[in-house]
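This briefing is meant to be read beside the structure itself. Please keep the view open, and look up each residue as it is named.

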Amino acid sequence: MEAERSGGEEERPESNTLKPSLFPLSSNLSPDSLSSSAPQWLSNASFTFDVSSLPGRGSDGPHWEERASPDYGVEASGAAADGDPTPARPPQRTYDLVPSSPSESSSKDERRSKGKERRRRKRKREKERLDDGASRKSEVRAWAGSDTQPTKDYYFDAHGDRDNLAFGCLYRMDIARYKIHNYGESSRSNFWASYRWRSSALNMDTEGDYDVLDNKLKSGGRYYSAKLTMLERDRAFKNTKFVKRVTSSVIPGDFVPLSDSHSSAENVPSETRELEESWEDEVIRRTRDFNKMSRDCPHDEKVWLDFSEFQDKIASTQPQKAARMQMLEKKISILEKAVELNPNSEDLLLCLLKSYQRRDSIDTSIEKWERILIRHSESCKLWKEFLLVCQGDFSRFKVSKIRTTYAHAIQALSSACDKQRRQEFANSQSGDSSLVQLELGLVDIFVSYCRFEWQAGYQELATGLFQAELEYNLFCPSLTLSSHSKLRLFDHFWKSGVARVGEDGALGWSSWLEKDEQNRQNTTSEDSTAETEVGGWSGWFELSSKKNVPSKDPEVSVEPPIDNEKTEQNLESKENLDTEEIPPGDDIEALLKKLGIDIDSEPNSEVKDTDTWNKWSKEELLRESEQWMPVHEDSGEIGKSVSLHSDDNLDDDHNEQLSRVILFEDVSDYLFSLSSKEAHLSLVFQFIDFFGGMVSQWVSTNKSSWIEKVLSLETVPNIILDDLRTVFELVNKRQDPRSHFVSESLLSHASISLGTSTMKFLRNAILLFLDIFPRNHMLEEALLFAECLFVSEMKSSSCSINPSRVLAKSLLKKDRQDLLLCGVYAQSEATCGNIDMARKIFDMALSSTDALPMDLRENVPLLYLWYADMEIALSTSSSNTEFSQRAIHILSCLGGNVKYTPFSCQPSPLQILRARQGFKEQIRSLRNLWARGSIGEHSIAFVCAACLFEILTNDYCTGIQVIEEAFKMVLPERRSQSLQLESLWVYYIKVLERHLKQFKFSRIWKTTLQGYQIYPYNPKSFRAMLQVNYHYSVSSKVRHLFDECCQRYPSVIMFLFALSFEIGGAASEHRIHSLFEKALSNDKLQKSVLLWRCYLEYEANISHDPSAARRIFFRAIHACPWSKRLWLDGFQKLSSILSAKELSDLQEVMRDKELNLRTDVYEILLQDEVPA
């Protein structure tokens, strides 16, 4: 950059020589001098300068500030032609001095004038002394516009200017002018210079005139003032851009470009040119370029999307709403043309439909959505967006309408799956990836519907839907049935009242059908035998032969003999009671008075205070946590539940229990068939995760199913909560109890209780799943976790006893060749502190690997890695080196490909060398498999084991390089969608965290940032970035990093980590408010119930701002009206803010939206009156 000092001379004269006064006031002036033709001070060239030659906007007056040129130069004008440094002054009036007669006061005036002259000289000397070496003008080499050329192009101002301190700002003529160098020859200049608009410019009129602005706006700031804003928005203003275009004769789309920074500048011809254009010129140029590209490549979706995005950029610069709507119409016309040329593009259709939503009313946009979905009924992406639109519209929202929409979506996608399945069967193809992706999307929509029913208060229906779908797909009888026949057969199973998935005694649909068929055959044979014994054609037989035979059906019980006299007495007493208590049909007042309700009182007098509504919300949450399992219609549970209550509430409780019965008609519209194993496993894993079980990561975080799951959460799951607490404890060094309360209140909400009933339900279900998916270590891990919680809740036992030991041993007795089950069991023992037991299990499993078949040996590296990780975890918590020696021994057996023997002594150097060579050869053999996309879990475990071995035997840098070289064997596009490679990166992050203080910041930050760019939705990415930044940088850089993440990859997880960082570090309330508002301004994140609940919690209980909490609550229920928990948060947190009438109206709105309310407020009133 070149800087040139420009300055003026009209305000601070520098001349030190004594010049004759321009206004002589001494009394000894002669009349001749007074009668001269022109005074001396009028001979200055400033008064002979033609003012009309100055450039200005008008001729009504002089303009002392010129319009800035494109290079931002401001030159001083008005200097004398002869170089006189005297500044130009406006002409002043002249006065003729009248000689006065001598008087007595002349001597006093003379003394006074001499004193003033001495003081003036003294001030001048002091000023020269203070300004010695620091004067502004003394250091100026050349002024702007002078003929003197400086010896250097720029100067460094090493001296301060005291006038800046005196006047509080820089002198406007001392601001440097900058000219941009031509960076076209630089290697980093292969880009178009982006034009940045300042946010302050959005409020300015594009056609505004600078002359009409007042002085305050003109001098508002050097760089962000209204003057410069007008200047940039002016049509005549030109921006200089240096553009380097790469010319190539290859048509785009005919090749896959490879980024090679070294060869691109040598082999590809380039053209660098300077471009000067205004904003309107840029709009015209880019529009012309987009038109040309859309004509040349009409089927390139990215061109059309960039073209439509450019219209949004233009609209953002328009302050008038009419102009913005005009640009929206232009954008819609562009997208309509794009959709006409690319009718199957989902991205273009989504962009067009979102533009319709901004322009049209909700009813019109819904109609357009439906028309497009009729033509594209097989698109999961369009259905998911449409369901979000329907759920988020407060005016149209009703639970019944959303159910109908989900039914249409599931039926349409199910029909598309059946059609594609028939095409595959006709073409004799199998394993089509498009069918697998379609089924996975169908499973995601079904799970989102179950979550919608759960959040709306219909927990029994959500559980029943999961049970029905699991039975319908996983436990379907092995019969060739049509869809209609399969539904009829399942209807018979559902109405039979037998135990379903997760309930005690559940066998599965197919097992029940076999047993039922066997019972039918036995019954038929018994009947035929009885007819043969009795004989005859009439079919009569003696009843006494079977009168005392007990029933084989376990559900039928023998009733005791009935006392007829007591029964008649009970009936008579009941009739008398009914005649006394039941009033006539038109006389309801007496019954209401008995219930404690006075209808003659004022409206809403039955709920006099807000405490009643607070109690009602707590009771509602309590019943929700207890009543989540569906009730069988003929199981007898309804009668049992009713018998626990008094006779007055008999009918109400019976109706309440009947509402918990899930009929076949409630689930029949949402049943569909799946054929791929991937879809079956996805359904099972999401079922376990839905009910709070612990299951390992089953899908990549870049997949839409993971992103949509996090977006639909009401609470923070445990897998994310642990990382958030780690970050919070890292930044909260003060150990402030208030901050700890803030974190727990914001993040520790319990959605589904991990109590006895839920864990027992999951335990029973996973045991059935293992019959369908045997030797699945993820299911076995979830099973032992559920069993551990279930047993620990049932009976209090010491921590050293593993609660899941009995179940694990019983599973190992059934399948002794399940090595991964041994590893999961050993890890559970180590978690409980039984290290010796865990080592015994690991040693037993690894010693028996040679006797296993080859297909079972491929998972052996996982077992070795788990064993070594356990020993490393023990070594970090203890100074004993035996643990690390054990880990080296374990990994040496894996790398050297030798038979495992239990640890006895330290491995020899020869064994270590052989193991290192074996690891290198094995990783080299994996290169071809990974290049073809065949990445197994066992190969990832082998790479992790090699990394751990190098860290223990060599150093941590060598171990880190093992994983980095493994990543280079796969293309970046494949890394982002691979679950196995993401698990390798998570292990890589764990190793970095373990040796964080031993790395340089540049080394560790580069790899962490690369991992974030590949997996931006993984919680481990943000945890690693925050840990690295907190140790090596300041908080401002971390905040800047979050701002960049918000612009590139906005997500719920990112904002949760940002909030945890700010709250743990006791940041300002303005920063926290800014994070919340920035998150909820996003169209997708606005549908996150979790973010709204955190925001409401912060305003109500942390910031203690009642008006803000009230405002946030109404915004939240307007954006997410389906979340019953969000409505109940308002009753609990705003009971002191809202009145009883407002809370009563809120409950009426909840009923109108068809949310499931289990408690009547009159029950709370009666409970309050009972003690009195």
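**Salt bridges and buried faces**

Arg-1039 has a relative accessible area of 26% and is therefore partly exposed. The model shown here is a predicted one, and the points below begin with the salt bridge that Arg-1039 forms with Glu-1062 before turning to other pairs and to helix 11.

**The pair Glu-1062 and Arg-1039**

- The side chains of Arg-1039 and Glu-1062 come together in a salt bridge, with a distance of 2.9 Å from N to O.
- This pair links distant parts of the chain, since Glu-1062 belongs to helix 44 (residues 1052-1064) and Arg-1039 to helix 43 (residues 1035-1048), 23 residues apart.
- Glu-1062 counts as buried, because its relative accessibility is 1% and the limit for a buried residue is under 20%.

**The pair Glu-829 and Arg-805**

- Glu-829 and Arg-805 form another of the model's 50 salt bridges, and the closest N and O atoms of this pair are 2.9 Å apart.
- Here too distant parts of the chain are linked, with Glu-829 in helix 31 (residues 819-831) and Arg-805 in helix 30 (residues 805-814), 24 residues apart.
- Glu-829 is buried, with a relative accessible area of 0%, whereas Arg-805 is partly exposed at 22% relative accessibility.

**The pair Asp-1145 and Lys-1141, and a network**

- A salt bridge also joins the side chains of Asp-1145 and Lys-1141, at 2.9 Å from N to O.
- Both Asp-1145 and Lys-1141 are found in helix 49 (residues 1140-1152), where four residues, or about one turn of the helix, separate them.
- An α-helix has 3.6 residues a turn, so residues three or four places apart point the same way.
- Asp-1145 is partly exposed, with a relative accessible area of 35%, and Lys-1141 is likewise partly exposed, at 43% relative accessibility.
- Elsewhere, salt bridges that share partners connect Arg-1039, Asp-1043, Glu-1062, Arg-1071 and Lys-1078 into one network.

**Helix 11 and its buried face**

- Helix 11 (residues 362-375) contains 14 residues and spans 20 Å from its first C-alpha to its last, which is close to the 20 Å expected at 1.5 Å a residue.
- The buried residues of helix 11 include Ser-365, Ile-366, Lys-368, Trp-369, Ile-372 and Leu-373.
- Seen down the axis of helix 11, the buried residues fall within an arc of 160 degrees, so they line one face of the helix.
- On the other side of helix 11, Ile-374 and Arg-375 are exposed.
- Helix 10 (346-359) and helix 12 (380-392) are among the parts that cover the buried residues of helix 11.

**Two exposed residues**

- Thr-831 lies in helix 31, and with a relative accessibility of 68% this residue counts as exposed.
- The side chain of Thr-831 has a polar atom 2.8 Å from the backbone oxygen of Gln-827.
- Although Thr-831 and Asn-802 are 29 residues apart in sequence, their C-alpha atoms are 8.7 Å apart in space.
- Lys-302, placed in helix 8 (residues 301-316), counts as exposed at 56% relative accessibility.
- Lys-302 and Asp-347 are separated by 45 residues in sequence and by 9.4 Å in space, from C-alpha to C-alpha.

How values were computed. Residues numbered from 1 in each chain as written. Predicted model: local features only at pLDDT ≥ 70, side-chain atom pairs only at ≥ 80, totals over all residues. Heavy atoms only, no water. Salt bridge = Lys/Arg side-chain N within 4 Å of Asp/Glu carboxyl O. Buried < 20%, exposed > 50% of the residue type's maximum accessible area, 1.4 Å probe, protein only. Expected span 1.5 Å × (residues − 1). Arc of directions from axis to C-beta. Contact = heavy atoms within 4.5 Å. Polar contact = N/O pair within 3.5 Å; in protein donor to acceptor, adjacent residues only side chain to side chain.
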